[in-house]
Amino acid sequence: SEKSFLVVGDDSQSIYAFRGSSPEQIIHFHEYMGKPGKDIDLLVNYRSSRDIIEFANGINALNENRVDKTLEAGRPYGCPVAVNAFTSRQEEYRYIVSEALGLHKTGIPYKDMAFIARNRSELTAMQDLFLGNGIPCSVISPEPLMEDREVSGLVALARFFLDPSDTEDGYRAAVAFGCKDDREAAEWMVWMNCTMHRVNNMDD
């Protein structure tokens, strides 16, 4: 039987709610497990400035159902946090353009500004607005999902599982998972074939 069990989570966020995740699973973890345990709080945030961390603590304090904790900043104060509300996406876009123009007038070059979007359509819309208002810009967009090396490697690996004689997919998966040359890839494919053979025999 297992002697220990480690779980890492954050009760203040649940970005995988669409997969069934919930802050409740961390808040009431020991109750769900039915066993006592030890909590180790990692409270120092080394990514964000003190302004952002203090703002986040204020938001978290409004949540009544949470783990009682206060985040600490590993970085000094930076720019103050600004929160704006808009009645439409178009109003938000016009505000962003106005801010960029205003910052540029204060001496900040456009190359030191960035607009971060949730999806490609927002990037395209803002690019048209920026260029239409004389603001030079370039779009840096993530590569399509199926062109990602790790994703295409996983797809190739699944095909190789289904057909171990498919050396093309086997080689593609081997390279995606770190094989540096043909010899390493060939050895990896042999090892995978042996592993799959043992697994199939266990099922029998």
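Asp 10 has a relative accessibility of 30% in this predicted model, and because the partly exposed class lies between 20% and 50%, Asp 10 counts as partly exposed. Its side chain meets that of Lys 69 in a salt bridge, with 3.9 Å from N to O. If you look for the two residues along the chain, you will find Asp 10 in the segment before helix H1, which covers 24-27, and Lys 69 in the loop between helix H3 (50-61) and strand S2 (72-73), so that this pair, 59 residues apart, links distant parts of the chain.

Now, is Lys 69 itself buried or exposed? Lys 69 has a relative accessibility of 17%, and because buried means under 20%, Lys 69 counts as buried. Lys 69 also forms a salt bridge with Asp 11, where the closest N and O atoms are 2.5 Å apart. This pair, too, links distant parts of the chain, since Asp 11 sits in the segment before H1 while Lys 69 is in the loop between H3 and S2, 58 residues apart. Here both partners, Lys 69 and Asp 11, are buried.

Let me turn to another pair, Arg 159 and Asp 169, whose side chains meet in a salt bridge at 4.0 Å, N to O. Arg 159 belongs to helix H6, residues 149-162, and Asp 169 to helix H7, residues 167-176, with their positions ten residues apart in the numbering. Arg 159 is partly exposed at 48% relative accessibility, whereas Asp 169 is buried, with a relative accessible area of 6%. These two residues are also part of a network of salt bridges that links Arg 159, Glu 168, Asp 169 and Arg 172.

Altogether, the count comes to eight salt bridges.

Methods
Residues are numbered from 1 along each chain as its sequence is written. This is a predicted model: local features need pLDDT of at least 70, side-chain atom pairs count only at pLDDT 80 or more; totals for chains, interfaces and linings use all residues. Side-chain values use heavy atoms; hydrogens and water are left out. Helices (H or I, at least four residues) and strands (E, at least two) are DSSP runs, numbered from the N terminus. Buried means under 20% relative accessible area, exposed over 50%, partly exposed in between (1.4 Å probe, protein chains only).
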